[in-house]
Amino acid sequence: RQRLNQEMGRIKARRFRDYAQLFPEFDGKFVFIGDDGQGDLEAARQLLAQTSPGGVAWCALRAVRRSHKFLIDDDNRAHLVQKMRSEFGQDPQGRPRFFYFAEYVELAQQ
C-alpha cells in the first residue's frame, strides 16, 4: 500500500507541475490541498521540495476519517507536521509551508 501511495504521489506531483506550467505567472503562488489517504503526502513532499519553476507556496493535507477514526492518529500527525515544517521551512513572511487539518475551518484559521 505504501508503495502504491508513493507512486500515486509522484503522478499527482507531475500532473500538478504540468498544470502549473500553463500559468507561469503564478509560479510559487500555487497551493496544493489534498488528504492523507492516497499519495497526497508524497505529492506534497515533492512539490514543497521543488524550487521554481513549478514551486508551490504551501501544501495542506486533510486528515481522513474512516468509521469515525482518523487514518493517522493525533501523535503521528503532530510528528509529521513538525518534520515537514522543519524540512520545508517558512515562506518569506514567516508562515509555515505545510499544514495538516481535520476540518476545513481549521485550515482557514491557520
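A crossing of two helices is called right-handed if the near helix is turned clockwise from the far one by less than a right angle, and left-handed if it is turned anticlockwise. With that in mind, the tour can start, bearing in mind throughout that the model is predicted.

Select helix H1, residues 2–21, together with helix H2, residues 40–49, and look along their packing, where the axes lie 7 Å apart and make an angle of about 45°. H1 is therefore oblique to H2, and the crossing of this pair is right-handed. To see what makes the contact, show the side chains of Asn 5, Gln 6, Gly 9, Arg 10, Lys 12, Ala 13, Phe 16 and Arg 17 on H1, and then those of Asp 40, Glu 42, Ala 43, Gln 46 and Leu 47 on H2. Coloured by class, this contact of H1 with H2 shows four nonpolar, four polar and five charged residues.

Keep H2 selected and add helix H3, residues 74–88. The axes of H2 and H3 come within 10 Å and cross at roughly 20°; since angles under 35 degrees count as roughly parallel, the two helices are therefore roughly parallel to each other. The crossing of H2 and H3 is right-handed. On the H2 side, pick Leu 41, Ala 44, Arg 45, Leu 48 and Ala 49, which meet Leu 80, Lys 83, Met 84 and Phe 88 of H3. In this contact of H2 with H3, the division is seven nonpolar, no polar and two charged residues.

Next, turn to the largest pocket, whose volume is about 360 Å³. To centre the view there, select Gln 2, Asn 5, Asp 36, Leu 41 and Ile 72, which lie nearest the pocket's centre among the 17 residues that line it. Which helix supplies the largest share of the lining of this pocket? That share, four residues, comes from H2, while H1, H2 and H3 each supply at least two residues of the lining. Colouring the lining by class gives five nonpolar, seven polar and five charged residues.

Before leaving the pocket, highlight two residues already visited: Asn 5, which takes part in the contact of H1 with H2, and Leu 41, which takes part in the contact of H2 with H3.

Conventions: Residues numbered from 1 in each chain as written. Predicted model: local features only at pLDDT ≥ 70, side-chain atom pairs only at ≥ 80, totals over all residues. Heavy atoms only, no water. Axes fitted to C-alpha atoms, helices over the stretch in contact; angles between N-to-C directions. Parallel < 35°, antiparallel > 145°, perpendicular 65-115°, else oblique. Contact = heavy atoms within 4.5 Å. Nonpolar A, V, L, I, M, F, W, Y, C, P; charged D, E, K, R; others polar. 1 Å grid on protein atoms, 1.4 Å probe; cavity = no way out; pocket = protein on both sides within 12 Å on 5 of 7 lines; lining within 4 Å. Points joined across faces, edges and corners; volume = space filled by probe spheres on them.
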